[in-house]
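Student: I would like a close look at one part of this model, given as a connected account rather than as a list. Could you take me through the middle of the assembly and then outward from there?

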Amino acid sequence: MGLSRTVILFIVSSGLSLILGVLRIPNVAHGSLYMIGAFMAFTISKATGGGSLGFWLALVGAPLGVALVSLICERGMFQYLYEREHLMLLLLTFAFSLVFGDLVKLVWGGEYKSVPVPAVFQGFVPLFGGLPFPIYNLFLLIVGPVVAVLLWFLVNGTRIGKIARAAAVDREMVGAVGINVSWVFASIFVIGCLLAGLGGALVAPTVSVTLGMDHTLIIEAFLIVIMGGLGNVWGALLGALIFGLTQSLGILVWPQFGIIFPYAAVIVVLLFRPTGLLRSTW
Amino acid sequence: MVDRGSMGPAPNRKRLLILVAALVLLFLFPTVLPRFYVYMAAIVLVYGLAATSLNLALGFGGLYQFHHAVFYGVGAYGAALLMMKTGLSPWLGFVVGPLVATLLGLVMGLICIRLSKLYFGMLQISLGSLVWAIVYRWYSFTGGDDGIHGVPVPDLISSSSNAYYFTLIVTLVSMYVMHRILKAPFGSVLQGIRDNPVRSEMIGVNVRRHQLMALVIASFFAGVAGSLFVAVDSTVFPDMLFWTLSMEMVIMCLLGGWLTFMGPMLGAAVIVALRTFVSTYTVYWALVLGIIMMLVIFFLPEGVLGWLIQLSRGKGRTKAEEGDAREDVSQGDR
Amino acid sequence: MLEVEGLHKSFSGFKAVNGAHLEVKEGEIVAVIGPNGAGKTTLFNLITGILKPDGGRVIFKGEEIAGMPPHKVCKKGMSRSFQVVNVFPRLTVFENVRVSVLAREGRTWNMVTAANRMATGETARIIESVGLSGKVDRISAALSHGDRKVLEIAIALGGNPQFLILDEPTAGMSPEETSRCIDLIRKLSRELGLTILFCEHDMELVFAIANRIMVMVRGSTIVQGPCDEVRCNKAVQDAYLGGGDLCSV
């Protein structure tokens, strides 16, 4: 159970890490985009009858939908504000999270929604010593690393990734060389948000899709990103692992206050390595 | 030489008159307004005080104080728990609440202060979330998710108007003290640190220590605001420590003008009034707030008060005149 | 008054300061010169405590101060101005200097008295001595570049230092402002008895007011001595002065 959540956390956090590390935007709206992804997955799934086809369509469609929304926001607003202070950017993304939260309420209403697990992933697989392990979680365990590798390749292997990293450090220089930095930033932003939407679409079959799923997630995502190192994909993975592990451990050991463990872990890490465990781009 | 201590007699008298009129109005509220509005006014004062205390660290100190609500909430819980669980005089709650908040401020400050900017803010959010999680889960002690209702506040202030008067007096005193602190050398140094920490270090200022003190003071007054909330509402709940409330407080500071003293109070008044008004028409208050925020960020980054001051500034005025105008406004609205 | 021995500082493998030596006697005016990137500002940062050295010693008035935090160094009697203008942009000229005076008087923890009424005399005196009296109420961000550099010096004076470090004090100044600055530095040395260490690119300025010169190239000191000695030093001429023979100037 904790492992599936860890994967989801990683995917969402990696997107946030990208945006924070390269664009220096503390994207508080990331949680809302995750929520929108989940709701979009619900709608797509419902519209196609709730079967396996619906699931795969949702898995592709929801992230793209979220990406579109984020593109509109970026072109419409964010691109004018990159030079502003972090506080302003943070507040702007918080404003977006407020707007998105209510828009979701408007469009989808306030009741719990559920997305069925596709037939091929239903059921359990007996694992070490007979513990039933949901097949869907196995699926997630494959998706997670795949996303990680793809992302790492994108950031370190592709031209866009290299440009983005250079632009994060010195935007003017990159622009002076003739590269359209604006579109590079937009792409990074959209990719980051797409990851949030993907996380939402992936989580939809495992939890009840509700309002308010953005609030707790965004804090966890931020803490993971800070713990792992801004802009560092592996850092997000490491952070998510630590977070998920300490959370599961905590609830096991001390059911009432177990949820404190991950927060404590973050504090400990930040005390010894204030910029995160792995190298950050800041 | 420039004598910065005095202003012209005419503007001074006018401002004093406005100040007195405002105070009279504030004291007359319970006699002319229905109970609901008196309650609202008290809430405005509480949030305004909390936002002003936040602005001490944020706007004047330049600290990324992202989770101020923790101190507010802890102050409230401190007061409420004392009144509920101990046999001590409930008046002590108004002392213990702020003290607990201040203690937390000191501890969190010591941990966070070695980091700067965003990392400071993030560490504060993690520590704050930890505190929130503890309050949320400790059902037996704090009432957990339900919070605590029907806190036995002192009889003297149990009525709506008396609670309002109590809040008004405490808020006025607190605002005065904070204003005094900001006008004193400590305030100048703090603003210097905000604008140029390196320069401040080079003139002999121990930047970290001053910032820590600013944090401690801010958390104290946030705790005062929290305990005042208990006086007004007789309840506490975990959401008072949730990060969304911290963000709302930041919004109040920004909306009112985070480089001015009275800005946050103004922002609180606007937000509370708007929320009450809008909520009668629609349930989508968050949407409205979000849109307002976007407008403010794009068009009014100095906040309402900051914008008004800029309007009155005009071109070519020296700082003396502008400083007088700014001081006039801040004193006049007190 | 100040002795620097074998100072080292690296940044991620790049040796910014590589064995620097410096000696400043009381009452002297010493200049540090060198090509851009020679490590002059880094040296100043190491002396004033903004950076911690990797090795070497900094001895000020007989006391080891290497690695001491800047605010403690300042309290020992050393003040500094910065190369990139570093004032308090939102405060007026008067308030800028006053903050410095209050810091020196140790009154920064005062939360009761209105700052408006404090240290006015001392602040006014300092502002007058640098010649900014006509602009006391201007917000420092609105000053001309030259005036802001003078304000920098005024802020440094607020700490009542015995030792003043000026990092490129006339950078970006017009010729008129530069000559006023030269007069100011001379006055500070003569009338206030300040020991002054500065770095500059303007050679005429350097030869005009410095008693002794230290030359830095690629992070190391190659020579320190009186003006004439340095001018005629072959290594200096090759490395920095363009190989020309300035001896006969």
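Tutor: What follows starts with the contacts of chain B and then turns to its neighbours.

This is a predicted model, in which local features need pLDDT of at least 70 and side-chain atom pairs count only at pLDDT 80 or more, while totals for chains, interfaces and linings use all residues. Residues are numbered from 1 along each chain as its sequence is written, and chains are lettered from A and ligands numbered from 1 in the order in which they are written.

Two pairs of chains touch, and the pair with the most contacts is chains B and C, where a contact means that the C-beta atoms of two residues, placed from the backbone, lie within 7 Å. Chain A and chain C do not touch, their nearest C-alpha atoms being 14 Å apart.

Toward chain A, chain B contributes 29 residues, and chain A likewise contributes 29 residues. On the chain B side, two or more residues come from each of α5 (117-137), α11 (243-256) and α13 (285-299); helices (H or I, at least four residues) and strands (E, at least two) are DSSP runs numbered from the N terminus. The helix that gives the most there is α5(B), with 12 residues. This side divides into 24 nonpolar, 4 polar and 1 charged residues, with Ala, Val, Leu, Ile, Met, Phe, Trp, Tyr, Cys and Pro counted as nonpolar, Asp, Glu, Lys and Arg as charged, and the others, Gly among them, as polar.

Toward chain C, 29 residues of chain B are in contact with 40 residues of chain C. At least two residues each are supplied here by α7 (160-183), α8 (185-195), α9 (197-202) and α15 (319-332) of chain B, and the largest share, 8 residues, belongs to α8(B). By class, this side of chain B has 12 nonpolar, 10 polar and 7 charged residues.

The interior can be followed through the largest nonpolar core, which has 282 residues, those with the most contacts inside it being Ala38(A), Leu91(A), Val46(B) and Ala154(C). Such a core is a set of buried Ala, Val, Leu, Ile, Met, Phe, Trp, Tyr and Cys residues joined through C-beta atoms within 7 Å; buried means that 20 or more other C-beta atoms lie within 10 Å of a residue's own, exposed means 12 or fewer, and partly exposed is in between, with C-beta atoms placed from the backbone. Helix α10 (residues 207-233) of chain B gives the largest share of this core, 17 residues. The core lies between domain 1 (1-76 + 163-168 + 193-249) and domain 2 (78-160) of chain C, because both give residues to it.

In chain A, Ala38(A) is in contact with Gly200(A), Ala201(A), Val203(A), Ala204(A), Val209(A) and Met213(A), leaving aside its neighbours within four places in sequence. Also in chain A, Leu151(A) is found in helix α5 and counts as buried because it has 24 C-beta neighbours inside 10 Å. Not counting residues up to four places away in sequence, Leu151(A) touches Ser14(A) and Val233(A).

The domain bounds of chain C come from an automatic or database domain assignment, and the C-alpha centres of its domain 1 and domain 2 lie 26 Å apart. Between them, 13 residues of domain 1 are in contact with 9 residues of domain 2. On the domain 1 side, two or more residues come from each of α1 (40-48), α2 (70-75) and β7 (163-167) of chain C, with the largest share, 5 residues, from β7(C).

Glu168(C) is found in the loop between β7 and α6 (175-192) of chain C. Its phi is near 45°, a positive value in a residue other than glycine, whereas most residues other than glycine have a negative phi. Glu168(C) is buried, with 20 other C-beta atoms within 10 Å. Lys61(C) also has a positive phi, of about 50°, although it is not a glycine; this residue is in the loop between β4 and β5 of chain C. Lys61(C) counts as partly exposed, because it has 14 C-beta neighbours inside 10 Å.
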